[in-house]
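Please take the sequence and the structure together, and keep both in view while the text moves from the metal sites to the helices and then to the loops.

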Amino acid sequence: MQTNLEKILRDKSLSVTDGRKKILTLFLNSKGALSHADIERRSGEHFDRVTIYRTLQTFVEKGIVHTIPTDDNTIMYALCKDGCAENHHHDDHIHFMCTSCGKTECLNEVHIPEIRIPAGYLTKETQIVIKGICKECS
Ligand SMILES: [Zn+2]
Ligand SMILES: [Zn+2]
Ligand SMILES: [Zn+2]
């Protein structure tokens, strides 16, 4: 586990710091996506908000985690599968938000279908969030 963590960071040319290791561990151990507040709560007293914020920004830039939009403008973060690189994400999957337990997860095997939009518009990113009841709650 320890080596895996360090490998992920080193593969992205990031220096291995306690903060990065700890936050990455939270993602690796979490089944669903995490918000800034989740990370703050789960990491205990160790990090201030700025450290968490900066670490998340770095992880997004380096292709380690991707963001998921939510209704209340809280940004959720989820671990990327292989294939995401610095400033270039390939997370073309659907996200599922459970209205019962509130968990948001990546449905990595469900790809976003190509959506045709009118000429003159340019798609940069398509996000689909499905709301419903997850496997564990149904
Ligand atoms: Zn990604
Ligand atoms: Zn649920
Ligand atoms: Zn995802």
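A residue is called buried here if its relative accessible area is under 20%, exposed if that area is over 50%, and partly exposed in between. The model is a predicted one, and every value below was computed from it.

With those cut-offs in hand, cysteine 101 can be placed: its relative accessibility is 43%, so cysteine 101 counts as partly exposed. Cysteine 101 is one of the donors of the zinc ion (ligand 2), which is held by the SG atoms of Cys98, Cys101, Cys134 and Cys137 at 2.3 to 2.4 Å. Along the chain these donor residues of ligand 2 follow the spacing C-x2-C-x32-C-x2-C. Cysteine 101, in the loop between E4 and E5, is thereby paired with cysteine 134, in the segment after strand E6 (129-132), and the pair links distant parts of the chain, 33 residues apart. Cysteine 134, unlike a residue in the partly exposed range, has a relative accessibility of 3% and therefore counts as buried. The 4 donor atoms around ligand 2 subtend angles of 105 to 119 degrees, and the arrangement is tetrahedral because four donors count as such if all angles lie between 85 and 135 degrees. As a reference for reading such ranges, the ideal angle for four tetrahedral donors is 109.5 degrees.

What holds the zinc ion (ligand 3)? Its coordinating atoms are the NE2 atoms of His66, His93 and His95 together with the SG atom of Cys106, at 2.0 to 2.2 Å. In sequence the donors of ligand 3 are spaced H-x26-H-x1-H-x10-C. Here the pair of histidine 95, in strand E4 (residues 93-98), and cysteine 106, in strand E5 (residues 104-111), links distant parts of the chain, with their positions 11 residues apart in the numbering. Both histidine 95 and cysteine 106 are buried. The angles subtended by the 4 donor atoms around ligand 3 run from 104 to 115 degrees, which makes this arrangement tetrahedral.

The zinc ion (ligand 1) has a mixed set of protein donors, namely Cys80 (SG), Cys84 (SG), His89 (ND1) and Asp91 (OD), which lie 1.9 to 2.3 Å from the metal. Their order along the chain follows the spacing C-x3-C-x4-H-x1-D. The 4 donor atoms around ligand 1 subtend angles of 99 to 118 degrees, and the arrangement is therefore tetrahedral. Two of these donors can be compared by their accessibility: histidine 89, at 31%, counts as partly exposed, whereas aspartate 91, at 17%, counts as buried.

From the metals the view can turn to a pair of helices. The axes of helix H2 (residues 18-29) and helix H4 (residues 49-61) come within 10 Å and cross at roughly 70 degrees. Angles of 65 to 115 degrees count as roughly perpendicular, so H2 and H4 are roughly perpendicular to each other. Their crossing is right-handed, and the contact is made by Arg20, Ile23, Leu24 and Phe27 on the side of H2 and by Ile52, Thr55, Leu56, Thr58 and Phe59 on the side of H4.

Beyond H4, in the loop between H4 and E2, lies lysine 62. Is lysine 62 buried or exposed? Its relative accessibility is 16%, so lysine 62 counts as buried. Leaving aside residues up to four places away in sequence, lysine 62 touches Lys12, Leu14, Ala85 and Glu86.

Two further loop positions deserve a look for their backbone. Most residues other than glycine have a negative phi. Serine 13, in the loop between helix H1 (2-11) and H2, has a positive phi of about 50 degrees although it is not a glycine, and with a relative accessible area of 63% serine 13 is exposed. Asparagine 73, in the loop between strand E2 (65-68) and strand E3 (76-79), likewise has a positive phi, of about 65 degrees, without being a glycine, and at 68% relative accessibility asparagine 73 counts as exposed.

A last position is asparagine 87, in the loop between E3 and E4, which counts as exposed because its relative accessibility is 61%. Asparagine 87 and glutamine 127 are 40 residues apart in sequence, and their C-alpha atoms are 17 Å apart in space.

Notes
Residues are numbered from 1 along each chain as its sequence is written. Chains are lettered from A and ligands numbered from 1 in the order in which they are written. This is a predicted model: local features need pLDDT of at least 70, side-chain atom pairs count only at pLDDT 80 or more; totals for chains, interfaces and linings use all residues. Side-chain values use heavy atoms; hydrogens and water are left out. Donors are N, O and S atoms within 2.8 Å of the metal (3.2 Å for Na, K and Ca); water is not among the atoms, so sites may look incomplete. Four donors count as tetrahedral if all angles lie between 85 and 135 degrees; four count as square planar and six as octahedral if opposite donors are over 155 degrees apart and all others between 65 and 115; anything else is irregular. Buried means under 20% relative accessible area, exposed over 50%, partly exposed in between (1.4 Å probe, protein chains only). Axes are lines fitted to C-alpha atoms, for helices over the stretch in contact, and angles run from 0 to 180 degrees between N-to-C directions. Helices (H or I, at least four residues) and strands (E, at least two) are DSSP runs, numbered from the N terminus. Angles under 35 degrees count as roughly parallel, over 145 as roughly antiparallel, 65 to 115 as roughly perpendicular and the rest as oblique. A crossing is left-handed if the near helix is turned anticlockwise from the far one by less than a right angle, and right-handed if clockwise. Contact means heavy atoms within 4.5 Å.
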